[in-house]
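Subject: Structure handover

Hello,

Here is the structure I said I would pass on. Please open it next to this message and follow along as you read.

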Amino acid sequence: MEFRCIHCGSEVKALFVQYSPGNIRLMKCENCKVVADEYIECEITILLIDLILHKRKAYRHLLYNLLNRDAVDVEGIMWKSSFLLLFFELCRNLIIHNSKEGLGSSTTSLSSIWVCGKMLTEVILENFVFFSVLLLPSRFLLNSLSPVTRYKEVFLAIVVSSYFKIFLIAMMVWEFPFPALYIVDVFVLSSNAVALKVLTQSMMIGCIGVCIGAHAAKFATSHLLEIKLVDWFLL
Ligand SMILES: [Zn+2]
């Protein structure tokens, strides 16, 4: 991956020149003639706010200029954020389970083990279907020499742009109306679409279509698994 101007998406050789520790000069983009990436000097909170506001320049900074630095362990971030994503998905399924069963319902240790195993199986299979459906059409959006590398980039972009799922933790601690779960889903879907758009530089409508398809496939898998696993358990 190469550094990018966050305004026009053009490649830039360097984002800043360092004269001495703490003394840097931000480089300008040769295409649009403005500072290529002003987030270099911004607080992380400003970046987080702009990410929540779905500003494409914030996503360009995150995906091209922040995760592209030599000092950053991209593989490590990918693994850690993948496990975090699975954990958030488990929280989501637990919220749905609690809303169906009721928090006050008594459970035996055997049924608790069954519920945990069922949720973990569902989460792994749902996400396998989600990323399969998302990565296959992404092939047509990618214009790269190395598809494997680009698939990794798309995977990382989708995992990182699912940061909104952190609100599921809050939903487990405090009581929220159940539809709030779907509001989180909509934010995650739109955030995934913006990240995919920034990474592939394709039409926004195509990226939204791919993300809706992947989320719909995951939703369908979730319902299918629920029916099948319950049938299997009852038999
Ligand atoms: Zn530019």
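Below is what was found in it, from the overall fold down to single residues.

Please keep in mind that this is a predicted model.

Overall layout

The protein chain contains eight helices and two strands. Read from the N terminus, the order of elements is β-β-α-α-α-α-α-α-α-α. The chain has 235 residues, and 40% of them count as buried. Taking contacts between residues at least 6 apart in sequence, 63% join residues that are at least 24 apart.

The zinc site

Which atoms coordinate the zinc ion? They are the SG atoms of C5, C8, C29 and C32, at 2.2 to 2.4 Å. Along the sequence these donor residues follow the spacing C-x2-C-x20-C-x2-C. The angles among the four donor atoms run from 105 to 124°, and the site is tetrahedral. For four tetrahedral donors, the ideal angle at a metal is 109.5 degrees. Two of the donor residues can be compared by their accessibility. C29 has a relative accessible area of 1%, so C29 is buried. C32 has 28% relative accessibility and therefore counts as partly exposed; the partly exposed range lies between the 20% limit for buried and the 50% limit for exposed.

The hairpin

Strand β1 covers residues 16-20 and strand β2 covers residues 23-26. The two strands run antiparallel and are joined by four bridges. One residue of this pairing is S20, whose bridge partner in β2 is N23. Two residues lie between the strands of the hairpin, and G22 takes a positive phi near 85° there.

Aromatic rings

How many aromatic pairs does the structure hold? There are eight. One of them is formed by F87 and F88: the ring centres are 6.1 Å apart, the planes are at 50°, and the pair is tilted. F87 is partly exposed because its relative accessibility is 42%, while F88, at 9%, is buried. Another pair is F130 and F131, with centres 5.0 Å apart. Their planes are at 80°, so this pair is edge-to-face, as angles over 60 degrees are counted that way. Buried or exposed is a question for these two rings as well. F130 has 5% relative accessibility and so counts as buried; F131 has 9% and counts as buried too. Elsewhere, ring pairs link Y163, F164, F167 and F187 into a cluster.

Charges over rings

Two rings have a charged side chain placed over them. The charged end of R4 sits over the ring of Y64, at 4.8 Å from the ring centre. K218 lies over the face of F130, 5.6 Å from the centre of that ring. F130 is also the residue that pairs with F131.

One residue in a helix

A58 is a useful residue to look up by hand. A58 belongs to helix α2, which spans residues 56-66. Its relative accessible area is 0%, so A58 is buried. Which residues does A58 contact, leaving aside neighbours within four places in sequence? The contacts are Y39, L47, D50 and L51. Of these, Y39 is 19 residues from A58 along the chain, and the C-alpha atoms of the two are separated by 7.9 Å.

That is the full list for now.

Regards

Methods:
Residues numbered from 1 in each chain as written. Predicted model: local features only at pLDDT ≥ 70, side-chain atom pairs only at ≥ 80, totals over all residues. Heavy atoms only, no water. Phe/Tyr/Trp six-rings, centres within 6.5 Å; stacked < 30°, edge-to-face > 60°. Buried < 20%, exposed > 50% of the residue type's maximum accessible area, 1.4 Å probe, protein only. Lys NZ or Arg CZ within 6 Å of the ring centre and 35° of its normal. Contact = heavy atoms within 4.5 Å. Donors = N, O, S within 2.8 Å, 3.2 Å for Na, K, Ca; no water. Tetrahedral: all angles 85-135°; square planar, octahedral: opposite > 155°, others 65-115°. Pairing = 2+ DSSP bridges.
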